[in-house]
Amino acid sequence: MNRPLDLDDIQGNICKGYGRYGFPKARYFFLQFHTPDQGRRCLHQLIPLITNAEPWAADGDSPLKPDVTTNIAFTYAGLEALGLPQRSLNGFPGEFRMGMKSRADILGDNGPSAPEHWDPVWQGEGIHAWVSINGRDMDAVETRFSVIRGIISDTGGVSIRPGHRGADNTLLPWQDASAVYENGKVTPKEHFGYVDGIGNPYFEGCGNDPSRLPGRGKLNKEGQWQPLATGEFILGHVDEAQEYPLAPEPHLLAHNGTFMVYRKLHENVTTFHHYVDSVAQDFDGSRELLMAKFSGRWPDNGAPLTLAPDDEAKAALDQQLASLTEKADKGDACAAAQLKALKDQWIDFTYADDKHGSRCPIGAHIRRANTRASLETQKGAFNTPSALDDRRRLLRRGLPYGGGQKEASDATEQGIIFMCLGASIERQFEFIQQQWINYSNDFHLGNDKDVLIGSNNGRLTDKHIIQTQPKSGKAPFFCSHLPRMVETRGGDYFFIPSITALNMIAQGIIDPT
Amino acid sequence: MSNVAGKAYGMNVLTPLRWWTALWQKLIFWVVVKTFPYFLKGLLTLSLIHYARWTIINRWSFPRLDKTQPKETLTYSYMLFESNFNGSWDQYIDSFSFAIPGGLDMFWRWNIKYPKSIPLHDFYHYIRFNQIECDHYYNAYPLASANDVKSAKRLTGNLRSFADSLTDNMTDEAFMDAYRQFLADNQHALGSMGDSPLMSTSHQLVQHHKQVNTAHEKQPEEEA
Amino acid sequence: MANTFGNSYGLTTLCPIINGRHNNTALDKITRRRIQLLKENSASPFARIPNTYFARLFILNDVFFEQGNDVARDHLKSKYLVFTSNFHGDLDTYLSGMWQHAEAEIRHIWQHAVAFNNVQNEKDFIAYIKKCQLTTSLFFNGSTDDTLQDQLKSLYIKQAFTEFALTHQGKTAAQLRAAFNQFIRQVDIHNPVSPAWSPGQETLSDLNPLQQR
C-alpha cells in the first residue's frame with residue numbers, strides 16, 4: 001500500500017481527465033526557450049497558473065472548480081534548454097531522451113504518418129515545453145491564453161512555436177481541441193462517430209471515487225478489482241514490480257512527476273466511411289454493428305460488445321436503457337439504481353466469457369489497448385489473471401480537434417489530440433502501440449493490426465477477423481484491405497514535473513550532487 | 001553479432017552455483033520433467049518461447065579433449081540457460097517476470113547472487129550481466145513466432161483432413177456449409193504472416209550497417 | 001537426461017579453443033571473427049543442414065565474476081566455442097547431415113578447436129561433437145517437434161490459405177468450391193517439400209502465380 005498522495009504537488013492533468021470535469025475546450029501550444037535564464041524566469045511567472053490535482057468541491061477546504069486549467073510539461077531538449085545539470089539529464093529514460101520522431105519505426109509512424117509529413121511545428125528542433133489550457137468555454141481559454149502570452153512577451157527569450165495545421169490549410173501558433181458537439185450539446189464522441197475515452201485506469205491515491213474501481217483496476221487471484229500501484233503512473237512511488245520506477249536524480253526532480261505522450265492523430269473520415277460502407281454490404285449485421293466490431297464498443301453510446309454482441313441484443317439494451325432512464329427521471333430511485341448498475345457494465349467487464357471473440361473480436365481496438373486479463377488463456381497459469389496487463393496500462397487524456405466543417409473529408413483537419421501518461425513510455429505506451437496495436441502475437445493473431453489506428457496499408461492481408469461462435473455454422477468475417485484510417489501528424493514525449501520540481505527548475509536549484 | 005533473428009531473440013545466460021547446490025538444481029529440473037507440464041503451465045500459456053534449455057555444467061565437466069588443454073580448476077559449477085523467444089528481453093521482461101515469478105525463481109534459485117524475479121530491476125540486471133551475446137544466430141523461420149508455427153501446424157492438419165473429407169458427389173451447398181464450419185473451427189489460426197516488429201533502434205542500426213557493408217563489399221578481410 | 005523432448009533435440013556443446021596465435025592474432029579471436037562473418041538467414045550454413053530449427057555459435061571467453069567479497073573469482077583456462085542447436089530427430093543423423101551439407105564451413109569454424117585436427121571424416125566429426133556435448137538438464141519445447149519440412153510446409157499453407165480465405169469471401173458456393181479444389185492441388189497439400197517456405201526465408205512467399213492460375 002502506498003502512502004496518500006500529495007495531490008497539491010501533482011499536476012492536475014495526471015489525476016483528472018478534464019473532459020469528464022466539464023472542460024470541453026482546450027488549447028495546446030509549445031514553447032521554445034532561447035536562453036536558460038529567460039526560460040526559467042518565464043517558468044517562474046507561469047507556475048502560479050498551474051493547476052494541481054486537489055479535488056474540487058463546492059465548499060469547505062477544497063478549492064472551487066476553476067473556469068480554466070493550465071498545465072506544463074517539457075521535452076528532453078526543453079530540460080536541457082532550461083539548464084538542468086547533465087547528471088540529472090542523464091537519468092532520464094532512453095526513449096524520452098530520443099523523442100518521438102526517433103522512435104517512428106517502433107511506433108509504426110511510417111508512410112503518410114512518417115515524421116517528414118508532420119505539421120511544420122514538429123519540423124526541426126525547438127519544441128521545449130508543452131502548455132495546455134482546458135476551459136469550460138472558449139472565452140475562458142482565450143482569456144488564460146492572453147495572460148500567458150503577456151508573461152511570455154514580458155520576460156522575453158521565449159517564443160511560442162508556430163506551425164500547427166488548422167482549418168483550410170492555415171498555420172496557427174497553437175492547437176485548439178474541442179469535444180464534438182451535436183445539436184449544440186457536448187458529446188463524448190470523436191470524428192469517426194465513436195463514443196471515446198471510456199475506462200481509464202484506477203490507481204492507488206488518484207483521488208477518484210472508489211466506486212469507479214471495478215473494471216478500471218487490476219484483477220487479483222480471487223477475481224476482484226484492486227487499484228493499480230501509484231508508481232505505474234507517478235514517479236517516486238512503488239509500482240507493480242514492487243520498486244520505484246526508473247527516474248532522474250535528485251528525488252525531488254522526479255517525485256510526483258510523470259511522462260506524457262502527445263500525438264496529433266488525423267482521422268481520414270472519408271476513407272473510414274467509404275471502407276465501412278463497402279464492407280457493410282457483405283456483412284451480416286448493421287453498419288453500427290460492423291463499426292462496433294472494429295472498436296469493441298457500439299459507436300452511439302459506447303456499450304461494450306460483451307454486453308450486447310449483436311443488433312438484436314443492442315436493441316433490447318437500448319430499450320432497457322430508455323425505460324430505466326425515463327423512470328429514473330421521474331424520480332424512481334429503484335430504476336435509478338438499476339440504471340447505474342447497468343451503466344457500470346460499460347466499464348466493469350472482462351472477456352472471460354468471450355474467449356473466442358464471438359462477442360468482442362479479439363483484435364478489436366479496446367481488447368488490444370486494454371486486455372482486461374484476457375491474455376491468461378489458461379485459468380491459473382499466471383501469478384494473477386492480469387499479470388500481463390498491469391505493467392501496460394495507459395492514463396488517457398486528450399480531446400478531438402478540428403471538425404465542424406460542412407463537408408469533412410480526408411483533406412480537412414480533424415482527429416484526436418491523443419495524450420497518455422505513465423511512468424514508462426517505453427514499457428507502457430510504446431509496448432502497446434508496437435506489440436498490441438500494430439502486431440498481434442500476444443493475441444495469437446500473427447501480424448494483424450488494429451483497424452482504427454493500426455499502420456495498415458490497404459493490402460489484402462491488412463485485415464481484421466470478426467470471430468464467430470464456434471459450431472454456430474457461421475463463418476468468421478474478414479475485413480481485408482484495411483486502409484490507413486488514422487495518420488500521425490506530430491507529437492513528442494514530455495516530462496510533467498511536480499509543482500515542487502517546477503519551482504526548483506525555475507529557480508535553477510536542481511542539484512543531483 | 002546479434003541476438004536477433006527475425007521474430008526470435010537468442011539469449012544465453014551463464015550463472016555460477018555451488019557445486020553441491022548444482023545437484024539440487026538438477027533434482028528440481030528432474031522433478032519438472034517428471035511432472036510435466038505442471039511447473040511449465042505458465043510458460044506454455046505465455047507462449048513466447050520456441051525452445052529453451054537449462055544445462056548444468058559441473059565444475060569438473062567442462063570438456064577437455066587433449067592433454068595439451070589445461071585442466072579447468074573452478075570453484076563453482078555453472079548453469080547455461082539458452083532460449084529462443086519472441087520479442088526482446090527488454091520488451092518482454094515484464095511479461096516473463098509478472099506471469100511466472102515463481103517459475104523463474106525455481107529455475108535460478110540456487111544461483112549465486114540471484115536476486116529473485118521481483119523487484120524487477122535487479123532481476124533484469126542480473127540476467128543482462130550474465131548474458132553472453134550470440135556471434136551467429138540462425139532461425140529457420142525468421143517470419144514466424146512460436147504461435148505462428150503451432151497454429152500453422154493445426155491449420156494444415158485440419159486443412160488436409162478437410163480436403164480429404166470432400167467428395168465429388170456432395171452438393172455445392174454442402175461444400176459451402178462444410179467450408180464455413182472449417183473457417184469457424186480455424187478462425188484463430190488465420191492471423192496474417194509478416195515481418196517481426198522492430199526489436200530496438202539499436203538493432204535497426206546494426207541491420208543498416210550490415211546492409212551498407214554488403215553493398216560496398218567492404219567487409220574487412222579476416223586475419224587468417 | 002533431457003536432451004530430447006518428443007522428437008526434438010537440444011544439443012549443447014562447448015568446444016575448447018587452442019590457446020595460441022596465428023599471424024599475431026589469438027585463435028579465439030580468429031574463430032569469433034569467422035562466426036561473426038557467417039552469412040545470415042537463408043544464406044547461413046545452418047539453412048542447408050537438415051532439420052535445424054534454431055542454432056547459434058558464440059565464444060565463451062570466461063565465466064563471470066559475481067560481485068562481492070563473499071564469492072570466489074573463477075576463471076577459465078581455455079576459451080570455448082559454444083555451439084548449440086535445436087533440431088528434429090536423433091543426434092547422429094543430425095550431425096551426419098551437418099557434415100554432409102556444411103563440411104567446408106565446419107572445418108573453417110572449428111579449425112582452431114582443441115583436437116579438431118584429428119577430425120577427418122563424418123564419423124570423426126560425430127565423435128568429436130559428442131565429446132564436447134553437455135547433457136541438458138531441462139529442455140523445454142514451446143513449439144512443435146515436427147520435421148523442419150513439415151513446419152515450413154505448414155507455414156506456407158498458413159500464409160497461402162489465409163490469403164485464399166480473404167480473397168474468396170463472398171464467392172458463390174460453386175465458385176468457391178472450384179477455387180478451393182484448385183487451391184488444394186496448387187499447394188500440393190500432402191507434399192511436404194514443395195511448395196513450402198525455405199529454411200531461413202526472410203520474405204513471404206510470392207503467391208501471385210497461385211492466384212493467377
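How many residue pairs are in polar contact across the interface of domain 1 of chain C and domain 2 of chain C? The rule finds 3 such pairs, with both residues at pLDDT 80 or more, and since this is a predicted model, the tour that follows describes computed geometry throughout.

**First stop: the two domains of chain C**

Select residues 4–134 of chain C as domain 1 and residues 148–212 as domain 2, and colour them separately. The C-alpha centres of domain 1 of chain C and domain 2 of chain C lie 37 Å apart, and the contact between them involves 6 residues of domain 1 and 6 residues of domain 2. Between them the two domains of chain C bury about 510 Å², with carbon and sulfur atoms giving 51% of that area. To find the main part of the domain 1 side, select Asn41(C), Ser42(C) and Tyr53(C), which together supply 61% of the area that domain 1 of chain C buries against domain 2 of chain C, more than any other three residues. The side of domain 1 of chain C that touches domain 2 of chain C is made up of 2 nonpolar and 4 polar residues, with no charged ones, and the count of salt bridges between these two domains is 0.

**Second stop: the two domains of chain B**

Move now to chain B, where the domain assignment gives domain 1 as residues 4–129 and domain 2 as residues 146–189. Here the C-alpha centres of the two domains lie 40 Å apart, and 5 residues of domain 1 of chain B are in contact with 5 residues of domain 2 of chain B. The area buried between domain 1 of chain B and domain 2 of chain B is about 360 Å², of which 32% lies on carbon and sulfur atoms. Select Lys7(B), Ser47(B) and His50(B) to see the three residues that supply 77% of the area that domain 1 of chain B buries against domain 2 of chain B, more than any other three.

Which residue forms a salt bridge with Lys7(B)? Show the side chain of Asp148(B), whose closest approach to Lys7(B), taken between N and O atoms, is 3.2 Å; the count between domain 1 of chain B and domain 2 of chain B is 1 salt bridge. The same pair of domains has 5 residue pairs in polar contact, both residues being at pLDDT 80 or more, and the side of domain 1 of chain B that touches domain 2 of chain B divides into 1 nonpolar, 3 polar and 1 charged residue.

**Third stop: where chain C meets chain B**

Show chains B and C together, and select the contacting residues, which number 104 in chain C and 103 in chain B. The two chains bury about 8,900 Å² between them, 62% of it on carbon and sulfur atoms. The interface of chain C and chain B has 6 salt bridges, and one to display is that between the side chains of Lys153(B) and Asp146(C), at 2.9 Å from N to O. There are also 52 residue pairs in polar contact between these chains, both residues at pLDDT 80 or more. Helix H5 of chain C, residues 148–167, gives the most to the side of chain C that touches chain B, with 13 residues, and that side as a whole has 50 nonpolar, 37 polar and 17 charged residues.

Next, select Thr156(B), in helix H6 of chain B (residues 146–165). Is Thr156(B) buried or exposed? Thr156(B) counts as buried because its relative accessible area is 0%, under the 20% limit; neighbours within four places in sequence aside, Thr156(B) is in contact with Ser154(C) and Ile157(C).

Then go to Gln131(B), in the loop between helix H5 (120–129) and strand E5 (136–139) of chain B. Gln131(B) is also buried, with 3% relative accessibility, and its contacts beyond four places in sequence include Tyr9(B), Met11(B) and, from chain C, Phe64(C).

**Last stop: backbone details**

Most residues other than glycine have a negative phi, and most peptide bonds are trans. Select Ile118(B) and Pro119(B), which are joined by a cis peptide bond with omega about 0°, and then Ser194(C) and Pro195(C), where the peptide bond is cis with omega near -5°. Pro195(C) sits in the loop between helix H6 (173–186) and helix H7 (208–212) of chain C.

In chain A, finish at Asp168(A), whose phi is positive, near 55°, and which is exposed at 78% relative accessible area, and at Lys471(A), with a positive phi of about 65° and an exposed position at 66%.

Definitions and conventions. Residues are numbered from 1 along each chain as its sequence is written. Chains are lettered from A and ligands numbered from 1 in the order in which they are written. This is a predicted model: local features need pLDDT of at least 70, side-chain atom pairs count only at pLDDT 80 or more; totals for chains, interfaces and linings use all residues. Side-chain values use heavy atoms; hydrogens and water are left out. Helices (H or I, at least four residues) and strands (E, at least two) are DSSP runs, numbered from the N terminus. Buried means under 20% relative accessible area, exposed over 50%, partly exposed in between (1.4 Å probe, protein chains only). Contact means heavy atoms within 4.5 Å. Domain bounds come from an automatic or database domain assignment. Buried area is the accessible area (1.4 Å probe) that two parts lose on being put together, summed over both. A salt bridge is a side-chain nitrogen of Lys or Arg within 4 Å of a carboxyl oxygen of Asp or Glu. A polar contact is a pair of N or O atoms within 3.5 Å; within protein, one must be able to donate a hydrogen and the other to accept it, and residues adjacent in sequence count only if both atoms are side-chain atoms. Ala, Val, Leu, Ile, Met, Phe, Trp, Tyr, Cys and Pro count as nonpolar, Asp, Glu, Lys and Arg as charged, and the others, Gly among them, as polar.
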